[in-house]
Amino acid sequence: MSELTISFFLNGTAVSARTDPSMTLLEYIREVAGLKGTKKGCGSGHCGSCTVLVDGKPIRSCTKKLSTVAGKYVLTIESLEQGNGCLHPIQSAFLEAGAVQCGFCTPSMVLTTKALLDRNHHPSKADIENAFRHTYCRCTGYVKIIKAILLASRKLYPEQTYSAAEVAILEQTELLDERGHVCSNTSFKNLGGTQQDWDGREKVSGSLRFADDLVMPGMAYARPVFTSIPHARILSIDTTEAQGCEGVVAVLTAKDVPGINGFGMVVTDQKVMCESEVNFIGDVLAVVVAETQEAAIRGAAAVHVDLEELPGVYDFRDPAVSSSLIREISYEQGDLNQVKAEQDLLVLQGDFSTTWVEHAYMEPESVLAYPQDGKVVVMTPTQAPFELRKQIAGVLNLSPDFVRIIVTPLGGGFGGKGDATVQPLAALAAYLLKRPVKITLSREESLSMSTKKHPYRLQYEIGLNSEGLLRYVDADILSDGGPYANLSPRVIDQSCIFAVGPYRIAAGRVRGRCIRTNNVLSSAMRGFGINQVSYAMEVLLDQAAHKLHLDPFVLRERNAFTAGDKTFSGEILYDSVGVLATIKACKERLHSIAAPYRKSYPKGSKSLGVGMATCFKNVGAGKGRVDNAGATITRTGEGAFLLEVSGVDMGQGFRTAMAQLAAETLSVPMSAISVVNGDTQRTSIHGSAVGERQTLVSGMAVVKACQLLQEKMSIADAQELVSVHYDHQAPRTFSLGDEEGRASVSPEQYKNYPAYAYATQAVVLEVDSHTGEVKVLEVIAAHDAGRVLNQTVLEGQIEGCCSMGIGYALSEQFCVDQGRVQTKYYGQLGVPTIQQTPNYNILLIEDPEPSGPYGAKGISEVGTVPMTGAIINAIADAVGVYITSLPATPRAILDALRKSP
């Protein structure tokens with residue numbers, strides 16, 4: 001193919017490039033110009049993370065051919081650099097508004113804002129939604145992005161201001177104590193305010209380096225060879241042609257693995273490379289290593305595989321496959337038969353189902369591995385650095401001490417970057433070839449290989465007396481785990497523990513089974529098995545409230561935990577039991593919010609609906625897992641401190657929170673603290689960044705270490721280097737099925753988790769009975785936060801969680817047919833866009849947790865849980881039908897209306 005010479009202007013500089021006609025603008029920007037601020041999120045023009053400006057207009061550079069920009073002016077995020085260390089006003093606005101979480105999409109958001117404000121100095125919310133309708137953010141829920149754009153407008157064009165009402169309508173937050181009284185968090189210097197993201201400057205400027213941005217001298221590129229059939233016998237793998245391809249360095253197969261040819265968080269049952277059989281569409285047969293990405297792609301295409309298709313398990317609900325189990329658990333509390341025999345019980349039954357959901361993090365999986373000082377170093381966005389280290393060491397037949405994991409910034413995680421994917425492949429190639437090797441999956445490869453939220457079938461029966469008191473729950477829970485365990489055993493355990501919700505019952509029974517299939521992998525995702533059971537339980541409770549003629553809030557209030565109550569699984573709750581406070585606060589706020597809307601509906605075919613749901617969720621991994629973390633704090637000079645702490649920042653503000661806690665405890669400004677985390681060589685061993693555990697566990701390690709440092713500094717010279725280390729471990733916990741462990745402690749000591757978070761959410765929405773379309777207008781989110789460390793971060797976490805909950809309820813689904821992926825592109829996932837952004841009313845309730853730092857506990861997942869049930873209940877309030885199979889798409893709603901009597 002003949003080359004072309006293209007001349008254009010890049011960030012104000014004239015450039016001339018000889019290029020293959022197939023080269024995209026993104027490829028030129030990243031690989032030729034070396035400008036890494038522009039990201040590749042999907043490669044198909046759907047997600048918007050590759051946005052640059054061409055002649056002032058935002059375009060998707062991943063699908064734009066370089067040849068089409070001849071004579072044009074191209075601007076990337078690097079063009080906004082001020083040269084004096086200051087940020088551009090738009091970048092400052094994003095940072096100040098808290099519109100930054102993981103940072104992967106932030107450069108595209110900043111540039112799209114510039115294009116909008118250049119042509120419209122004072123955009124309305126509708127203008128903003130239109131300009132950003134094709135630009136996704138999975139983290140923030142978009143509220144803070146909209147606020148950042150309004151703030152940027154005021155910074156750039158102060159003569160055109162927005163009214164306070166225009167800004168406030170997007171987000172209103174109130175801080176309450178456990179009694180529901182308005183309070184303020186003024187007793188701390190570094191806690192409770194609106195501290196900016198610790199790495200925010202790098203994120204808004206595009207200078208933060210993600211894994212695929214990394215380049216090393218002598219670096220090779222690797223490409224996995226995937227199966228084309230979900231379940232098949234491998235007859236042969238012929239690598240001859242691939243090995244002869246120009247630029248190919250090596251082709252590795254299972255025979256090249258020096259240690260265990262397997263990996264996994266619970267069981268090492270997923271093959272690094274398959275040798276005799278493939279079990280799902282993301283299984284790897286070989287990996288091609290080459291000098292360039294293009295050569296690796298050509299080499300992978302030249303690997304010839306002969307497969308014999310085998311019968312597969314594709315319907316986890318089929319009774320014929322019920323013996324194909326990853327995990328089964330049964331638990332019963334109280335005398336269920338006796339309680340069921342009580343007189344005048346209202347008995348309700350429900351059969352609910354959910355589907356796969358993709359995490360949809362903006363950054364695809366990527367890893368750079370290289371040898372250094374006798375070790376294999378693996379740089380990758382992982383939520384589980386020490387677990388990954390152990391797995392890779394097993395693959396390479398090395399001691400874990402000879403493997404170092406350095407966590408690169410995560411462009412979103414949500415549970416999906418806890419399980420390993422291509423990291424063992426890159427580590428293997430780097431170890432064998434003794435050179436750096438990078439693998440970055442395409443979005444299509446990521447969708448096939450990565451784990452998903454489990455599909456569930458939930459068969460529930462509940463009984464309540466005439467007073468609305470919950471007497472029993474009888475539940476059968478079935479999930480699809482795919483072919484390998486991953487974290488499925490722990491997810492189904494958690495579903496069973498939380499099957500009843502935050503309510504007292506006289507008796508209950510739950511049976512949970514995770515079925516092994518040949519579908520895509522399922523594992524951890526935000527909520528970790530609680531979303532599904534909460535959906536079923538909260539819908540049935542809503543139905544019960546209506547049949548008993550009770551306000552849904554009142555029914556929850558009559559059954560909700562208070563201190564001293566025992567959970568369904570048998571744990572006695574003592575402190576920071578904030579569920580009643582969330583119910584009451586949400587009820588009061590909803591009544592004032594909904595009243596004006598009720599006067600305006602119905603509007604033709606559009607009806608108003610109001611719904612609510614309550615939940616609780618674990619803080620800490622628990623279930624018998626050790627919740628531990630360590631912190632080393634060093635006074636490096638007068639007034640300067642280095643904090644090395646266990647944990648991973650995924651954009652949820654972990655690094656910011658740890659710096660706040662250190663600064664508060666040491667009584668120094670945050671600027672005095674430097675933070676190191678996510679490095680297995682420099683931090684203490686710790687569990688995965690899951691289960692809302694890090695603020696509670698790592699935060700306590702930081703506080704305790706700083707307290708020890710204060711003691712040591714009091715007797716040291718002012719200039720002396722002083723360092724202390726503290727390892728923190730939360731109290732012992734037990735899995736639901738651990739009867740021996742339960743018997744080993746008193747009932748007062750039995751725990752499933754270190755702590756719990758509680759939330760009640762309500763929505764006001766409209767449903768169009770002609771089209772089935774649903775629009776969420778208002779969200780009321782009342783959350784027990786323990787102690788608010790950073791209000792801006794908590795707001796962003798809650799809004800991002802609620803956005804996921806809205807997607808789970810209404811639009812998100814990952815489609816698989818007979819083990820083959822049907823959802824090929826990011827834009828097909830049903831992820832909410834900025835146009836699905838409601839107004840948020842956030843109520844942060846402080847009911848301090850004694851085991852947490854300054855009373856704080858986690859909040860990064862619980863917000864996903866009640867939102868789905870609240871929406872389904874609101875739809876029923878609007879049009880009279882309960883949707884029992886997620887998502888509640890327009891078609892599903894219209895079908896339900898047609899079947900309704």
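The largest cavity encloses about 130 Å³ of space. The model is predicted. Lining this cavity are 15 residues, and the closest to its centre are Gly 98, Val 100, Gln 101, Thr 792 and Val 793. Helix H21, which spans residues 791–810, gives the most to this lining, with 4 residues. By class, the lining holds 11 polar, 3 nonpolar and 1 charged residues.

The structure has 6 cavities of 30 Å³ or more. Turn now to the second largest. About 70 Å³ of space lies inside the second largest cavity. H21 gives the most to this lining too, here with 3 residues. The residues lining the second largest cavity include Met 804, Gly 805 and Tyr 808. Arg 138, Val 357, Lys 453, Met 525, Arg 526 and Asn 531 are also among them, as are Glu 812 and Thr 864. The class make-up of this second lining is 4 nonpolar, 3 polar and 4 charged residues.

Next come the nonpolar cores. The largest has 215 residues. Within this core, Phe 94, Tyr 460 and Ile 875 have the most contacts.

Take Tyr 460 and leave aside its neighbours within four places in sequence. Tyr 460 is then in contact with Leu 348, Gln 349 and Gly 350, and with Val 473, Asp 474, Ala 475 and Ile 477. Its contacts also include Ala 499, Val 533, Ala 536, Met 537 and Leu 540.

A second core, separate from the largest, has 36 residues. Among them are Phe 226, Val 287, Ala 427 and Met 449.

How values were computed:
Residues are numbered from 1 along each chain as its sequence is written. This is a predicted model: local features need pLDDT of at least 70, side-chain atom pairs count only at pLDDT 80 or more; totals for chains, interfaces and linings use all residues. Side-chain values use heavy atoms; hydrogens and water are left out. On a 1 Å grid over the protein atoms alone, a cavity is a set of points where a 1.4 Å probe fits but cannot get out, and a pocket is an open set with protein on both sides within 12 Å along at least five of seven lines; lining residues have an atom within 4 Å of a point. Grid points are joined across faces, edges and corners, and a volume is the space filled by probe spheres set on the points. Helices (H or I, at least four residues) and strands (E, at least two) are DSSP runs, numbered from the N terminus. Ala, Val, Leu, Ile, Met, Phe, Trp, Tyr, Cys and Pro count as nonpolar, Asp, Glu, Lys and Arg as charged, and the others, Gly among them, as polar. A nonpolar core is a set of buried Ala, Val, Leu, Ile, Met, Phe, Trp, Tyr and Cys residues joined through side-chain atoms within 4.5 Å. Buried means under 20% relative accessible area, exposed over 50%, partly exposed in between (1.4 Å probe, protein chains only). Contact means heavy atoms within 4.5 Å.
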